[in-house]
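Colleague: Could you take one part of this model and go through its surroundings with care, explaining each term as you use it?

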Amino acid sequence: MRVQDIDHIELTVDDLEQAMRFYREVLDLPILSESETEMVFQLGKQKLICRTLADPSLSALHPAVGSTTFSILAKDSLATIEKHLANYFIDIVAGPVESDFTNKKMTSLYINDPAGNLIEIREYHK
């Protein structure tokens, strides 16, 4: 089997309206589709799906609100992102954190979405 790419990431959330405001307004992700129990955003080449526990669709064996961690790559500088997050009163959980991932130096900020999912915002050094 040859894997080509990741198609989507799915998050379990408890409040779809809060998730929509956060991902659309704070992270500026376009909405592709929405229903009463699910919202799909464009995240780079992939999709980010926010789904409530009330959604009967196929999902993880034990879906839990706020149990996902994922990382996104920043287009803006982390200094600009820090100011942007402050404007929305989003707390930075950790960072800036310097690290060396697969021999590439990077700096990261960590935040939580309203459901408690952990998001790493990563900037690679040139």
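Modeller: A close look at Arg-122

Arg-122 is buried, with a relative accessible area of 11%, where buried means under 20% relative accessible area, exposed over 50% and partly exposed in between, computed with a 1.4 Å probe on protein chains only. This is a predicted model, in which local features need pLDDT of at least 70 and side-chain atom pairs count only at pLDDT 80 or more, while totals for chains, interfaces and linings use all residues. Residues are numbered from 1 along each chain as its sequence is written, and side-chain values use heavy atoms, with hydrogens and water left out.

Arg-122 lies in strand 8, residues 118-124 (helices, H or I of at least four residues, and strands, E of at least two, are DSSP runs numbered from the N terminus). Its side chain makes a polar contact of 3.0 Å with that of Glu-120 and another of 3.1 Å with that of Tyr-124; a polar contact is a pair of N or O atoms within 3.5 Å, and within protein one must be able to donate a hydrogen and the other to accept it, with residues adjacent in sequence counting only if both atoms are side-chain atoms.

Not counting residues up to four places away in sequence, Arg-122 touches Ser-71, Ile-72, Leu-73, Ala-74, Phe-101, Met-106, Thr-107 and Ser-108, contact meaning heavy atoms within 4.5 Å. Strand 5 has a covered face, Phe-70 and Ile-72, and an uncovered one, Thr-69, Ser-71 and Leu-73. Five bridges join strand 5 to strand 8, and the two run parallel (strands pair if DSSP finds at least two bridges between them), with Leu-118 of strand 8 as the bridge partner of Thr-69.
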